[in-house]
Amino acid sequence: MLLQPQHNLLICVVVCGEDLTAGNLERRVYSTIQREDCPAQDTFPGLCWALCEEGQPVPSMAVSEEHHGDYHRLPDYEEDSPPEDEEELLVHVTEGLKDSWHHIKNLDNFFTKIYHFHQKNGFACMMLSDVFELVQFLFVVTFTTFLLCCVEYDVLFANRPVNHTHPGDGSVPDRSKVTLPDAILPTQQCAERIRASGGIIFLLVMAATFWLYRLAKVLCSLLGYWEIRAFYTKALKIPSDELCNCSWQEVQARLISLQREQQMCVHKRELTELDIHHRILRFKNYLVAMVNKSLLPVRFRLPLLGQGVFLTQGLKYNLELLFFWGPGSLFQGKWNLQPQYKRAGARLELARRLGRTMLLLGLANLLLCPFILVWQVLYAFFSYTEVLKREPGSLGARRWSLYGRHYLRHFNELDHELQARLSRGYKPASKYMNSFASPLFTVLAKNVGFFAGSILAVLIALTVYDEDVLTVQHILTAITLLGLVVTVARSFIPDEHMVWCPEQLLQCVLAHIHYMPDHWQGNAHKSETREEMAQLFQYKAVFILEELLSPIVTPLLLIFALRAKALDIIDFFRNFSVEVVGVGDICSFAQLDIRNHGNPQWLSQGRTEASVGQQAENGKTELSLVHFAIANPRWQPPPESSLFIGHLKEKVQQDAAFAPPPQRLLAEAPLGTSFLSDEGPSTMVSKRAVGTQSLWWGFPARGSLLAFSNPPPPSPQPDALLASVLAHPVVAAGTLVPPAERGFLPARSSTACAAASILASLSCPQLPRRGCPTGENSVYRSDSTLLGDSVAPSELPRVPPSRSVVLSEFASAEMSLHAIYMHELHQQQQQQQASRPSPSQHSAQAASARPLHRCSQDLPLGGWEEEEAEAWQQEKEKS
């Protein structure tokens with residue numbers, strides 16, 4: 001069937017199916033190729049370059065008139081061809097382009113390998129990492145077998161004497177010393193022990209089979225990454241020795257530019273940053289959305305321990321196997337949701353089928369539980385024993401849990417972006433968690449530490465006096481255990497110089513992690529908030545314990561807990577999957593669509609049509625949109641998202657017009673940094689002159705960075721931006737300001753107004769607040785000075801790494817300020833809804849309302865009113 005639309009555009013369509021004339025509703029459109037150079041005639045079968053074979057499965061995006069429930073396809077604004085099964089589509093390539101990358105069969109795998117190749121620093125590092133992983137597994141198995149079968153422990157522990165004879169001196173026995181070779185059995189005797197144990201032989205066969213499988217997988221992976229290395233060198237023009245100096249944004253820009261020259265994706269004329277992120281993060285976005293909608297993880301309540309969550313690497317691997325790429329999973333071809341899961345009529349049958357699959361997968365995990373548990377124990381023993389001996393307090397350190405990483409992750413946020421953001425929030429989160437101290441545990445810890453330390457001091461003194469003390473049985477064990485007890489006891493003793501300021505610390509944590517439940521605001525001092533924070537930011541010892549218990553708990557969760565959610569999971573994938581041209585089926589939340597998934601309580605009021613069930617929780621759609629716009633400043637958002645970004649800009653400018661000037665806020669930065677950091681006030685105040693001046697004159701406004709021959713140092717500026725905002729409510733409260741200067745502070749200043757003032761100054765620095773133009777904010781075009789709006793990225797010289805770091809640091813600070821600002825506005829809107837006035841009160845308030853209403857409310861971090869400040873504000877309004 002050939003169609004001839006306008007402009008002599010010939011669309012060659014090959015239709016596969018049975019009895020098309022009978023009006024079969026399941027006609028299969030296999031391929032559509034657009035060409036503008038086709039002559040205007042009726043039939044040109046030679047120009048249809050698609051191959052149609054009998055028995056091909058119906059693609060998930062095939063033309064069909066069947067009802068698919070809430071599943072839908074996005075409209076094709078670019079008139080591109082519908083994406084089909086990319087593994088089977090054949091496209092003609094001319095002789096001169098045989099070495100080019102035309103029509104990549106699996107773009108998901110291709111873009112993911114490009115990303116991993118960049119993040120793992122090239123082929124050599126990846127090859128060494130894979131090889132050492134194989135060697136490590138082989139070492140653990142071999143060394144464990146050696147310890148079980150080839151060591152005589154009675155000789156090693158001196159429970160049985162060993163006779164050493166000296167040849168030529170009458171065979172006089174020497175029992176004074178036991179050497180290590182005495183405890184090691186000969187090779188023949190060791191082999192006999194191994195052959196005599198059927199269990200060990202079975203485990204060795206299982207380990208060898210798994211190792212050979214890993215070896216084959218590593219070889220195939222290395223062959224694929226060798227092609228990626230050639231792609232970087234030939235197509236992207238990035239040699240291996242320059243890879244470490246290239247940011248991912250530059251690699252992504254070159255990919256988009258290459259798509260215009262070589263059609264890597266034949267279904268779209270141009271790729272966007274969002275297309276690439278959808279390919280790399282297709283399945284991760286689904287998991288993030290399931291955590292956001294409380295489908296995952298499994299929650300439970302334990303006696304004496306309270307409510308907890310359980311999500312480990314083993315459980316996550318089983319969920320991915322179940323949903324995405326395992327046998328019988330919901331996806332086919334790794335990018336299309338199976339057609340039956342798109343129809344609402346089959347939801348009950350599909351839920352029963354998914355429940356049976358969960359049962360079988362749980363039973364399989366139960367059978368493999370002993371082997372996985374043995375491996376987990378051995379790997380943990382070899383990994384953490386030396387660390388525990390060297391640093392006994394390391395298990396008391398904290399780390400972001402796997403649940404926390406999914407809860408705090410933005411939609412379309414790459415791994416390195418998430419890791420950098422959580423790393424910035426590690427110290428504030430640790431300081432917040434350590435600020436909670438139990439008086440009872442403190443008293444017990446001091447006394448236990450005193451007794452254990454006293455005994456340890458005596459043993460160490462005796463050892464120093466005479467080293468023969470070490471030969472006493474169990475003396476080294478006693479010294480080691482006493483040192484461990486002292487270290488653990490000290491961890492429960494709070495720092496005597498610590499200042500109790502949980503609200504400020506939690507706000508500093510929010511600036512980096514960007515998400516926080518609403519009930520945490522104003523309740524940072526409560527133990528319930530700390531316990532919920534501990535689910536996101538857990539002890540390393542808890543992490544190790546969960547991973548060790550994972551082989552036992554995972555099959556139980558699959559068999560019992562998750563089976564009860566089978567219907568909800570089926571509904572989730574049908575309701576929140578959307579078809580995107582050239583990409584396939586993705587999670588609809590990843591589209592960052594304010595209209596379909598916005599929350600009216602997060603500045604989306606009047607711009608969203610989403611019901612309560614369709615809204616993302618905790619403002620994740622809005623915050624993810626702002627984050628993606630900052631990380632990818634050349635991305636063009638869809639119309640609804642552009643309206644939201646424009647509204648946010650206007651809101652920032654309105655609040656900044658009545659906020660304190662940025663010069664005054666930046667002057668408070670050293671005080672805020674000393675207040676929220678581990679350094680002392682004297683150290684930070686000494687940096688005040690240099691830090692403040694470089695901050696104000698170093699803003700990355702439009703066209704400013706290229707004017708510097710040497711860019712300003714990146715270290716103090718982004719930190720001071722946050723510190724000036726976080727410390728402003730305390731400074732405005734008058735506790736850190738001399739009485740003579742309190743009259744110069746605005747009344748009831750809020751964190752939202754301070755954040756708005758700094759954000760507005762990023763786009764138009766050194767201008768008065770009321771005279772600042774509402775031009776394009778550098779938040780969304782922060783790197784336009786480097787790449788340019790009209791010049792292709794590949795045509796520009798490479799960005800120096802120092803300037804790339806400066807832009808990255810400022811982008812992170814800008815996103816942190818936006819997170820604080822949006823959370824403050826959200827809290828203010830909730831407070832307004834909670835205290836709805838009567839109609840008479842509402843009319844009185846409307847008559848006296850002023851544009852300052854958002855900035856004039858008390859926030860959780862705010863201080864109290866000062867009469868001098870109010871008088872100063874009234875005089876300012878009159879003038």
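## Terms and model

A contact here means heavy atoms within 4.5 Å. The model described below is predicted.

## Confidence

Across the protein chain the pLDDT averages 75, and 69% of the residues score at least 70. In residues 1-69 the pLDDT is below 50, and the model gives this stretch 117 contacts beyond near neighbours in sequence. Another such stretch covers residues 679-716, where pLDDT stays under 50 and the model has 74 contacts beyond four places in sequence. Where pLDDT is low, the predicted coordinates should not be read in detail.

## Overall make-up

The protein chain contains 34 helices and 12 strands. It has 879 residues, of which 46% count as buried. Its exposed area is about 44,400 Å², with carbon and sulfur atoms supplying 59% of that area.

Contacts can also be sorted by separation along the sequence. Taking those in the protein chain between residues at least 6 apart, 75% join residues at least 24 apart.

## Helix α2

Helix α2 covers residues 123-149, which is 27 residues. At 1.5 Å a residue the helix should span 39 Å, and its end C-alpha atoms are 39 Å apart, so the expected span and the model agree.

Which residues of α2 are buried? They are F123, M126, D130, L134, F137, V140, V141, T144, T145 and C149. These buried residues pack against four helices: α1 (107-119), α5 (187-196), α6 (198-235) and α11 (347-390).

Methods:
Residues are numbered from 1 along each chain as its sequence is written. This is a predicted model: local features need pLDDT of at least 70, side-chain atom pairs count only at pLDDT 80 or more; totals for chains, interfaces and linings use all residues. Side-chain values use heavy atoms; hydrogens and water are left out. pLDDT is the predictor's confidence in each residue, from 0 to 100. Helices (H or I, at least four residues) and strands (E, at least two) are DSSP runs, numbered from the N terminus. The expected span of a helix is 1.5 Å times one less than its number of residues. Buried means under 20% relative accessible area, exposed over 50%, partly exposed in between (1.4 Å probe, protein chains only). Accessible areas come from the Shrake-Rupley method with a 1.4 Å probe; for residues, only the protein chains shown count as cover.
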